[in-house]
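Trainee: I should like to learn how the contacts between parts of a protein are read from a model. May we work through an example together?

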Amino acid sequence: MSTSMGSPRAPLPERVDIAIIGGGIMGLGLAHNLAALGQRSVAVIERSYLVSGASGRNGGGLRMQWGDAGNVALMMESIEICRGLAQELGINLWFRQGGYLFVARSEASEARLHRNAELHREVGAPTRLLSPTEAQAIVPHLDPGPIRAATYNPEDGVVFPWPFVWGYAARAIDRGVVVRTHTEIVDLLPEARGFTLVCASGERVSAERVVNATGAWSNQINRRLGIDFPNRPHRHEILSSEPLRPFLDPLVVDLDSGLYFSQSTRGELVTGISLPDVDGYDDDSLALHSSLRFLAVLAARLTALMPITRSLKVLRQWTGPYDVSPDGDAIVGPTPGHPDLIQLCGFTGHGFMMAPAATRLVARWLVRGEAHPMLQRWDPARFKGAPTSRREDMIIG
Amino acid sequence: MTRRVFVCRCEDVTLDEIDHAIARELTTIEEIKRYTGLGTGPCQGRECMVPLARLLCERGLAEPATVQPFTARPPTEPVTFAALASAQPPYTGAADDDKDPEAAR
């Protein structure tokens, strides 16, 4: 008998220690890590199917190349976890460490790469500063003409997001976590301790602690309690090409346009780009439609930087929502005024790569009260005071 | 007929793999697509989605009148990056031109 991968028929207990709303990588990764620590009174409740949100829609990149020491160290932890995760979860994650190559075409971007390389050296990440010729040695089809400098970290990599999330779900369910799909939470009723969750089906679940792991949809849950965090959804488009034999090792990012592209282990080129907001067009919605504008702008930048892609064909394009927090840092921890509601959102388009480390450290904090430096930075209470001046500038896309 | 039947020839998804997904209680087309990769290859599900829908209906897991296909993804057929790069306004706007990185400094 195969293990269920979550079902609308999975019986919901009347009470659990921890109820997790959202069956994406955050919710399921947390469930897996909680169960591994022995906390098995856990239910994950997903409105649609597993991986239906941003976890099933992202490019699958994982990189240490961030702009500050906390994020670099966190991602070193995440990538270290990924090395052993396929074995731990018993599933092929298609994890491939082909590196990340950042290229700079402007003096300002070049200065950022210099600053990053220095920072990464201090933290212990193996990032190297490269000349345009050295960058071309790693990606022979790049047009080195406009490139001023590059950085390369050989340990950065890519995964195939779908099996990653299924792997977390299966292992959590094996250990007794309940995963209920196609079930919307329509109300959260505060109790003396914790909450009663009311499902659209009429079922109720009492939980001592509730985790909001609904990413770009997290405002909808929070607003039911009159809570308004400043994270907002933002549409991000992406596409994949027809599959090719392996020809591209690293994921390449052009810092000046926000273009990124990598070759997945399945052979497709997976690529996206930052699109400037257009006046009069609301990009702050959760509408997940695709645009011709995205294809046109991306194709122009990609074929300029990598002319060999001119004859390559686009197979499919889709959209996923970033869950953007104003300072670029996630919103993780107890909610001011509702300490039993734990936020696990606001990852600003980079939750997938941070999830292996983030869900492990949050599980350790929930079960053992263990501190982690990122929990201070991610504290949901930080928005009450004066705005912080720090903003992570290595947010791509 | 042997069990080794390819339902999705682009991504080599066999009937056995679909049975495995169903045994894991994944019974909608969107879920089976994401669990097996069915329908994500060059034909984009044109060949495999209907057989999958029929199979779900035959097993009582979906109703013919309400079974939902997965979301169709543009473009309708594969298009080269060169053709797409030639798109002109109104499909792109002034804000979309590549800024001269030096002028933007």
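Trainee: How many salt bridges cross the interface of domain 1 of chain A and domain 2 of chain A?

Mentor: In this predicted model, the rule finds zero salt bridges across the interface of domain 1 of chain A and domain 2 of chain A. Polar contacts are read in the same spirit, and the count between these two domains is zero residue pairs, with both residues required to be at pLDDT 80 or more. On the side of domain 1 of chain A that touches domain 2 of chain A, the residues divide into four nonpolar, four polar and no charged.

Trainee: Which residue ranges make up domain 1 and domain 2 of chain A?

Mentor: The domain assignment gives domain 1 as 15-56 + 162-231 + 327-384 and domain 2 as 96-155 + 233-322. Taken over C-alpha atoms, the centres of the two domains of chain A are separated by 30 Å.

Trainee: How is the size of such an interface expressed, and what area do domain 1 of chain A and domain 2 of chain A bury between them?

Mentor: The size of an interface is often given as the accessible area lost when the parts come together. Here domain 1 of chain A and domain 2 of chain A bury about 660 Å² between them, with 70% of it on carbon and sulfur atoms. A216(A), W217(A) and G349(A) supply 51% of the area that domain 1 buries against domain 2, more than any other three residues. In terms of contacts, eight residues of domain 1 of chain A meet five residues of domain 2 of chain A.

Trainee: Let us turn to the two chains. What area is buried between chain B and chain A?

Mentor: About 4,000 Å² is buried between chain B and chain A, and carbon and sulfur atoms give 59% of that area. In chain B, the residues that lose the most area to chain A are R24(B), R34(B) and F81(B), together 21% of what that side buries. The contact draws 51 residues from chain A and 39 residues from chain B.

Trainee: How many salt bridges and polar contacts are counted between chain B and chain A?

Mentor: There are three salt bridges between chain B and chain A. One of the ion pairs is E25(B) with R9(A), whose closest N and O atoms are 4.0 Å apart. For polar contacts, the count between chain B and chain A is 16 residue pairs, both residues being at pLDDT 80 or more.

Trainee: Which elements of chain B each supply at least two residues of the side that touches chain A?

Mentor: They are α1 (15-23), α2 (29-36), β3 (79-80) and α4 (81-85) of chain B. Of the elements on this side, α2(B) gives the most, with five residues. By residue class, the side of chain B that touches chain A divides into 16 nonpolar, 10 polar and 13 charged.

Trainee: In which sense do β16 of chain A and β3(B) pair?

Mentor: Strand β16 (residues 313-324) of chain A and β3(B) pair in the antiparallel sense over two bridges. The bridge partner of V314(A) in β3(B) is V79(B).

Trainee: What is the strand order of the open sheet, and which are its edge strands?

Mentor: Nine strands form the open sheet, in the order β5(A)-β6(A)-β4(A)-β13(A)-β14(A)-β15(A)-β12(A)-β16(A)-β3(B), with mixed pairing. The edge strands are β5 (128-130) of chain A and β3 of chain B, each of which pairs on one side only. Within the sheet order one finds β14(A) beside β15(A). Strands β14 (residues 259-263) and β15 (residues 269-272) of chain A run antiparallel and are joined by four bridges, and the bridge partner of Q263(A) in β15(A) is L269(A).

Trainee: How many salt bridges are there over all chains?

Mentor: The count comes to 27 over all chains. Among them, R15(A) and E208(A) meet through their side chains at 3.4 Å, N to O. This pair links distant parts of the chain, with R15(A) in strand β1 (residues 15-21) and E208(A) in strand β11 (residues 204-212) of chain A, 193 residues apart.

Trainee: Where is the peptide bond of P74(B) and P75(B), and what is its omega?

Mentor: A cis peptide bond joins P74(B) and P75(B), with omega about -10 degrees. P75(B) lies in the loop between α3 (49-58) and β3 of chain B.

Key. Residues numbered from 1 in each chain as written. Chains lettered and ligands numbered in written order. Heavy atoms only, no water. Contact = heavy atoms within 4.5 Å. Buried area = accessible area lost by both parts, 1.4 Å probe. Polar contact = N/O pair within 3.5 Å; in protein donor to acceptor, adjacent residues only side chain to side chain. Nonpolar A, V, L, I, M, F, W, Y, C, P; charged D, E, K, R; others polar. Pairing = 2+ DSSP bridges. Domains from an automatic or database assignment.
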